[in-house]
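Please open the structure in a viewer and keep the selection tool at hand. The tour below proposes a series of selections and states what may be found at each.

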Amino acid sequence: MSDSPEVPRPARLVAIYPGSFDPLTNGHLDLISRGSRLVDHLIVSILNNTQKQPLFELEERVQIIREVTAKFPNVEVDSFQGLLVDYASQRGANAILRGIRAISDYETELQMALMNRRMRPETETIFLMAAEEYSFISSRMIREIIMLGGAVSPFVPDTVANRIGAKFRQKR
């Protein structure tokens, strides 16, 4: 029997990585990879925003992300509507994972994190800095490159590049 006090076992860390992921980029995949090493269970959850005209429909994005993240055993892919904190409560999540590419991201993310904390104090926000090689990539920029006929394969996983190619071959 030891004289040292019993150390409580840490609670299971369940995090949600929310976003539109339209399309999934190498930057997103990097955050999923790194985030999955930090938490017990990571839920990559696609916001079903009916106000936007997506490049990929919601179910296509779910399929793409499931395919690309199959190698991470503790990653699940889901979708949600409404407030993120309500979804976090429904899923039993105690953390939200967010990526920061630049100072401008930080200001927006800080406001959201503080609001989320006010609405659901038991949910923490974990910020990960984007890897340098992905810090300039955004889904919005990828969509713009696609619409202008440029190649996006250096910026997205192969699965995404193949789906984009197939989608635009069908439209011609």
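The stops that follow concern a predicted model.

**The sheet**

Begin with the strands. They form an open sheet of five strands in the order 3-2-1-4-5, with parallel pairing. Select residues 75–80 and then 124–129: these are strand 3 and strand 5, the edge strands, each of which pairs on one side only. From one strand to the next, the twist averages 30°.

Next, select residues 95–100, which make up strand 4; six bridges join this strand to strand 5, and the two run parallel. Within this pairing, Arg98 has Phe127 of strand 5 as its bridge partner.

**Helices on the sheet**

Now add residues 103–119. This is helix 4, which packs on the sheet and touches strand 4 and strand 5. The direction of helix 4 makes about 170° with that of strand 4.

Select residues 26–38 to display helix 1, which lies across strand 1 (14–19), strand 2 (41–47), strand 3, strand 4 and strand 5. Helix 1 runs at about 125° to strand 5.

**Aromatic pairs**

How many aromatic pairs does a search of the whole structure find? The search finds four. One of them joins Tyr17 and Phe21, edge-to-face, at 5.2 Å centre to centre and with 80° between the planes. Tyr17 is buried, with a relative accessible area of 4%, and Phe21 is also buried, at 2%.

Then select Phe80 and Tyr87, a stacked pair with 4.8 Å centre to centre and 20° between the planes. Phe80 is buried at 8% relative accessible area, as is Tyr87 at 5%.

**Salt bridges**

The structure holds nine salt bridges. Select Arg91 and Asp78, whose side chains meet in one of them at 2.9 Å, N to O. This pair links distant parts of the chain, with Arg91 in helix 3 (residues 84–91) and Asp78 in strand 3, 13 residues apart. Arg91 is partly exposed, at 27%, and Asp78 is partly exposed as well, at 22%.

Move on to Arg120 and Glu122, which form a salt bridge with the closest N and O atoms 3.4 Å apart. Is Arg120 buried or exposed? Arg120 is buried because its relative accessible area is 12%, under the 20% limit. Glu122 is partly exposed, at 48%.

Finally, select Glu144 and Arg140, which meet in a salt bridge of 3.9 Å, N to O. Because they are four residues apart in helix 5 (residues 139–147), about one helical turn separates them. Glu144 is partly exposed, at 44%, whereas Arg140 is exposed, at 53%. To close, add Glu76 to Asp78 and Arg91: salt bridges that share partners join these three into one network.

Key
Residues are numbered from 1 along each chain as its sequence is written. This is a predicted model: local features need pLDDT of at least 70, side-chain atom pairs count only at pLDDT 80 or more; totals for chains, interfaces and linings use all residues. Side-chain values use heavy atoms; hydrogens and water are left out. Rings of Phe, Tyr and Trp (its six-membered ring) pair if their centres lie within 6.5 Å; planes under 30 degrees apart count as stacked, over 60 as edge-to-face and the rest as tilted. Buried means under 20% relative accessible area, exposed over 50%, partly exposed in between (1.4 Å probe, protein chains only). Two strands pair if DSSP finds at least two bridges between them. Axes are lines fitted to C-alpha atoms, for helices over the stretch in contact, and angles run from 0 to 180 degrees between N-to-C directions. Contact means heavy atoms within 4.5 Å. A salt bridge is a side-chain nitrogen of Lys or Arg within 4 Å of a carboxyl oxygen of Asp or Glu.
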